[in-house]
Amino acid sequence: GATQHFLKSVATPYASEFNAEFTCSVGKEWSLKSHWTARAYGFTALGQGNRGYPWSKTLLLGQYNLANTHRFSVFTEADVGFGPKQHVNVNDFRGWGKYQHQSIDVGASYGCKMSVYGELIASYAYRVFAHNFPQGVNQFMLSYSLPFSLL
């Protein structure tokens, strides 16, 4: 779900208040002994909100795992909206659900696995193509993932 605050911003990728996606992915992993060394996969989604038109998203990703500690990734992401509107009026904007838009981002990331203490990941992506969508976007992300179990 998305609040009206987020729907009024062209920088957020929401189509409407309630959004749902059907997803599918396929991939291949190569292993050496007990750890994976490389993997590649594709992910696609078809979405629809409570108003507006459908959209699709695609992610293609390749990863390399060095000594089960250092993880390098390259990826490309595409986002397409199937609405009829061609021009975005930022003064009267209420989500991407009615717009025909496309974007392609390419990026890379580095992750450092810290034994049982999780993984620290730094990534960067740049928008190489945009139509009716924010252009020239630079995305930097730093994340920490700590796996745990309740069982």
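**Figure 1. Arg71 sits buried, with a relative accessible area of 13%, and pairs with Glu119 in a salt bridge.** Buried here means under 20% relative accessible area, exposed means over 50%, and partly exposed is in between (1.4 Å probe, protein chains only). You are looking at a predicted model, in which local features need pLDDT of at least 70, side-chain atom pairs count only at pLDDT 80 or more, and totals for chains, interfaces and linings use all residues. Residues are numbered from 1 along each chain as its sequence is written, and side-chain values use heavy atoms, with hydrogens and water left out. The partner, Glu119, counts as buried too, at 15% relative accessibility. A salt bridge is a side-chain nitrogen of Lys or Arg within 4 Å of a carboxyl oxygen of Asp or Glu. Between Glu119 and Arg71, the closest N and O atoms are 3.6 Å apart. Glu119 belongs to strand β6 (residues 119–131) and Arg71 to strand β4 (residues 70–82), so this pair ties together parts that are 48 residues apart in sequence.

**Figure 2. Stepping back, the whole protein has one helix and seven strands.** Helices (H or I, at least four residues) and strands (E, at least two) are DSSP runs, numbered from the N terminus. Follow the chain from its start and you meet the pattern α-β-β-β-β-β-β-β. Along its principal axes, the C-alpha trace spans about 55 × 35 × 25 Å. Of the 151 residues, 28% count as buried. For contacts with a separation of 6 or more, 46% come from residues 24 or more positions apart, where a contact means heavy atoms within 4.5 Å.

**Figure 3. Lys57 and Glu21 form another of the five salt bridges found in the whole structure.** Here the closest N and O atoms are 3.2 Å apart. The two residues come from distant parts of the chain: Lys57 is in strand β3 (residues 55–66) and Glu21 in strand β1 (residues 19–32), 36 residues apart. How accessible is Lys57? Lys57 counts as partly exposed, at 29% relative accessibility. Glu21 is also partly exposed, with a relative accessible area of 35%.

**Figure 4. Arg127 makes a salt bridge with Asp105, and the closest N and O atoms are 2.8 Å apart.** Arg127 is in strand β6 and Asp105 in strand β5 (residues 100–113), so the pair ties together parts that are 22 residues apart in sequence. Are these two residues buried or exposed? Both Arg127 and Asp105 are buried.

**Figure 5. Ser103, in strand β5, is a buried residue with a relative accessible area of 3%.** Look around it for company: leaving aside its neighbours within four places in sequence, Ser103 is in contact with Glu77, Ala78, Asp79, Arg127, Phe129, Ala130 and Phe133. Arg127 appears again in this view, as the salt-bridge partner of Asp105.

**Figure 6. The largest nonpolar core is made up of five residues: Phe93, Trp96, Tyr99, Ala130 and Phe133.** A nonpolar core is a set of buried Ala, Val, Leu, Ile, Met, Phe, Trp, Tyr and Cys residues joined through side-chain atoms within 4.5 Å. In soluble globular proteins, nonpolar side chains tend to be buried together. Which residues does Phe93 touch, leaving aside its neighbours within four places in sequence? Phe93 is in contact with Leu7, Lys8, Ser9, Val10, Val88 and Tyr99. Two members of this core, Ala130 and Phe133, are also among the contacts of Ser103.

**Figure 7. Gly42 lies in strand β2 (residues 35–49) and counts as buried, at 17% relative accessibility.** Find Leu60 as well: the C-alpha atoms of Gly42 and Leu60 are separated by 4.5 Å, while the residues are 18 apart along the chain. Leaving aside its neighbours within four places in sequence, Gly42 is in contact with Cys24, Ser25, Val26, Leu59 and Leu60.

**Figure 8. Ala67, in the loop between β3 and β4, has a positive phi near 55°.** Most residues other than glycine have a negative phi. Asn68 lies in the loop between β3 and β4 as well, and its phi is positive, about 50°, although it is not a glycine. Ala67 counts as exposed, at 65% relative accessibility, whereas Asn68 counts as buried, at 16%.
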